[in-house]
Number of protein chains: 2
Amino acid sequence: MDMSAARDDGGAGGARERLVVIGGDAAGMSAASQARRMRGPDEWEIVAFERGHFTSYSACGIPYWVGGDVADRDELIARTPEEHRARGIDLRMRTEITEIDTARQRVRARDADTGAESWTAYDGLVVATGARPVRPDMPGADATGVHGVQTLDDGQALLDTLARTRGRRAVVVGAGYIGVEMAEAMINRGYEVTVVNRGSEPMSTLDPDMGRLVHRAMEGLGITMVDDAEVTKILTGDDGRVRAVATQDAEFPADVVILGIGVRPETTLAAAAGLPLGAHGGILTDLAMRVRGHENIWAGGDCVEVLDLVSGQERYIPLGTHANKHGQVIGTNAGGGYATFPGVVGTAVSKVCDLEIARTGLREKDARRAGLAFESVTVESTSRAGYYPGANPMTVKMLAERRTGRLLGVQIVGREGAAKRVDIAAVALTAGMTVDRMTALDLGYAPPFSPVWDPVLVAARKAARAVERHR
Amino acid sequence: MDMSAARDDGGAGGARERLVVIGGDAAGMSAASQARRMRGPDEWEIVAFERGHFTSYSACGIPYWVGGDVADRDELIARTPEEHRARGIDLRMRTEITEIDTARQRVRARDADTGAESWTAYDGLVVATGARPVRPDMPGADATGVHGVQTLDDGQALLDTLARTRGRRAVVVGAGYIGVEMAEAMINRGYEVTVVNRGSEPMSTLDPDMGRLVHRAMEGLGITMVDDAEVTKILTGDDGRVRAVATQDAEFPADVVILGIGVRPETTLAAAAGLPLGAHGGILTDLAMRVRGHENIWAGGDCVEVLDLVSGQERYIPLGTHANKHGQVIGTNAGGGYATFPGVVGTAVSKVCDLEIARTGLREKDARRAGLAFESVTVESTSRAGYYPGANPMTVKMLAERRTGRLLGVQIVGREGAAKRVDIAAVALTAGMTVDRMTALDLGYAPPFSPVWDPVLVAARKAARAVERHR
């Protein structure tokens, strides 16, 4: 970055320049760590602010901690504040940034314990403020026993509630990734689980026909699935504790309620500072993760929008793996190197007990919205050679552009061995491959790993025929 | 195909044209089936000759049948002769083609039972004669108790021997795919297994440093690994049964010996007919799988050479998944459609008990031979998020071209979840992707499926840095 930019206070002082990072999780601390690798403490001061108690933790791991697969909270922490400090990062915990002053290149910080405020000047700034959970605006949403699962603190609060609760009925509101993963967690803890979902099927990131398969499989796991249901109220007992979740036409008894209705970009600071926001509310950056129009400000992680390489449009996809990549790119660029984050293809994988769910690229409605005409095919295949023990059935749906045959998207629902096959399609999407070319892909084959035609290739063959027929 | 080509006998007769297929396994019967889908019996007669007892079976599955994972031989048969006939293919079993007469467009067939010979005219011909095992030219190679495992008959003969044999010592000669898979099979049957290997490490399709990992892991499974050993003699007892395998400097007691020393293209017929053969002894075809210089002859499967898309050179890779694709392409083209087999990138996966082994692209020595300068990196990572149960360590080696950073090859050795990750690299190789671009691939991430940086991405990052350093 151009560290010679004029500053109107001497806060960064001395010969060293100062990189300030707002947010101590994946994007922010990856950026800080990578910048530190590129520039030693003699050259640069790196100051990071985190308003919470933890740094660099896996929010994606919270459902598995709650469910008991991960025994201890600390296992989810990739790097503690002390470890970051040992690497030469001046990390200020429990300190919230309350204002970004781009004109004077400084941020105002408030100590959460003392309430004391102070300004810190920056030469370069990284905005990694993450996401905030959508909290439903309904009566009872703040009742005892109602929990989000965004942060480690949330996870701990939920576990504390579970330890105190004798009833075994859990209602999960929302049936996206967090919802289905929390359904698994509560099943694993021996709860009776009801999932209340606004959509027609769970996993609205899939097409409804594939979501239907998830619905059935979750019912098969003993989960009560309630679709097309708007939660209108959370009912409490005399003790102020949750006792039921009410929808427009029913009530579901609940000893604990888990809110898994998604997140929004946390851009309060950015908006106040006049940083550009997109249609989904996230900060807009260029490919080097520099905030558009701001030479020495970068942004990454759950607070930014990303370019969808398939549709050519901006999307909001809060996901740890992107945040880490953003941080890496930001740290490299802020450190005077060169790196880009070219965009995403929308890959996501999840599981509910032994059910595996994966998607990449466009759903049918995404393709339509992007102005693309397409063919859509669905095939059934198996994870291994049919005769090999543990060959699990899976369903693969594939979309290909009409006429050109370009791959547009893949969705997979199956059991062990299903989800990570989506990576084949993710790379093919990135490369702009046609489904016809995909039919000849040289994928790993041996009976314990795949049928002689990998399920993704079976889908590609059918998609190629569909494209050919309608050419 | 051009069915109007002049023929000098009337054998194909009548209004229908005749496609003749030599070889009733994957390539041949896929070609026949696909041609049949494209052309009905009124238009075309399709005659297929198979010298053995079986059609369309999975030779790759034989180790798992011998090892007991697959209970019954018939499970390995994808389609029986009767099933092929019911689909309108005139299949002649136990009938060997002894000559291809390209001038008169006919083949000579011999009935294995009666010895009777006859000519059959063709308008189009598919050569799918497969491979023949390398049989070592040494004393005792034909002794009772010495078995190859190329065909179902071989597998049955081995199982018959095992049923009759009381001793529990097995020596496997060769440590390639067949060798290591048969080592697993014999371990699973409770044998003491010794693998005798000519190379310095098992799995010469990997670089030696990765082969070393396989060596150690196989020893960890209780397998005795003997490297740098040339088998000089197979010793027999007074009863004519095998009793030991002798190398240049040792003897290994054996109650059964399994030969897994690879195969060569079976091109006796093709060579006699003047079809063009390549440096590896396989038939040379164009991208439509048409034999070079022969308008109405196609060839595919284990008897042909294939184009390696990474090195730009021909290779010999006998593998069922290629054979099936060849057959599909041949049947489409022979049926008047259009399809190509663009080539391979050299992907292969295998396992020995819980050890998974995968490779794609070029090894170091392949890259050197192809005239490529490269960087080579190796990383350790895990199959799942480190904190998630069942996160298995894996080693990923990656080669990238110097200067351009183009991916050249990947090798993976690990446990459950390791092998099929090679598909990511296989698609990236096909697309000619650079390792730098790979670092931003949008691969499926969730703690049960991957660390936040997939192991392949960890390798790509390290490779990209190595390329950058030496640019």
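1. V345(A) has contacts with L309(A), V310(A), T360(A), G361(A), A426(A), L429(A), T430(A) and, across to chain B, D442(B), leaving aside residues up to four places away in sequence. The model is a predicted one, and the contacts of V345(A) should be read with that in mind.

2. As for its place in the fold, V345(A) sits in a loop of chain A, between α8 (320–334) and β21 (348–352). The relative accessible area of V345(A) is 0%, so this loop residue falls under the 20% limit and counts as buried. Between the C-alpha atoms of V345(A) and T378(A) the distance is 20 Å, with 33 residues separating the two along the chain.

3. Salt bridges number 70 when all chains are taken together. The points below cover some of them, beginning with chain B.

4. K351(B) and E184(B) form a salt bridge through their side chains, at 3.2 Å from N to O. This pair joins distant parts of the chain: K351(B) belongs to strand β21 (residues 348–352) of chain B, E184(B) belongs to helix α5 (residues 177–188) of chain B, and the two positions lie 167 residues apart in numbering. Are the partners buried or exposed? K351(B) is buried at 12% relative accessible area, and E184(B) is buried as well, at 2%.

5. R363(B) and D366(B) make another salt bridge, with 2.8 Å between the closest N and O atoms. Both partners come under the 20% limit and therefore count as buried: the relative accessible area is 11% for D366(B) and 13% for R363(B).

6. In helix α9 (residues 364–369) of chain B, E364(B) and R368(B) are four residues apart, which means that about one helical turn separates them. Their side chains meet in a salt bridge with an N to O distance of 3.2 Å. R368(B) has a relative accessible area of 51%, which is over the 50% limit, so this arginine counts as exposed.

7. In chain A, which residues are linked in a network of salt bridges? The network consists of D207(A), D209(A), E364(A), R368(A) and K397(A). Its acidic members are D207(A), D209(A) and E364(A), and its basic members are R368(A) and K397(A).

8. To sum up the burial values, V345(A) is buried at 0%, and the K351(B) to E184(B) salt bridge has buried residues at both ends, at 12% and 2%. R368(B), by contrast, is exposed at 51%.

Notes
Residues numbered from 1 in each chain as written. Chains lettered and ligands numbered in written order. Predicted model: local features only at pLDDT ≥ 70, side-chain atom pairs only at ≥ 80, totals over all residues. Heavy atoms only, no water. Salt bridge = Lys/Arg side-chain N within 4 Å of Asp/Glu carboxyl O. Buried < 20%, exposed > 50% of the residue type's maximum accessible area, 1.4 Å probe, protein only. Contact = heavy atoms within 4.5 Å.
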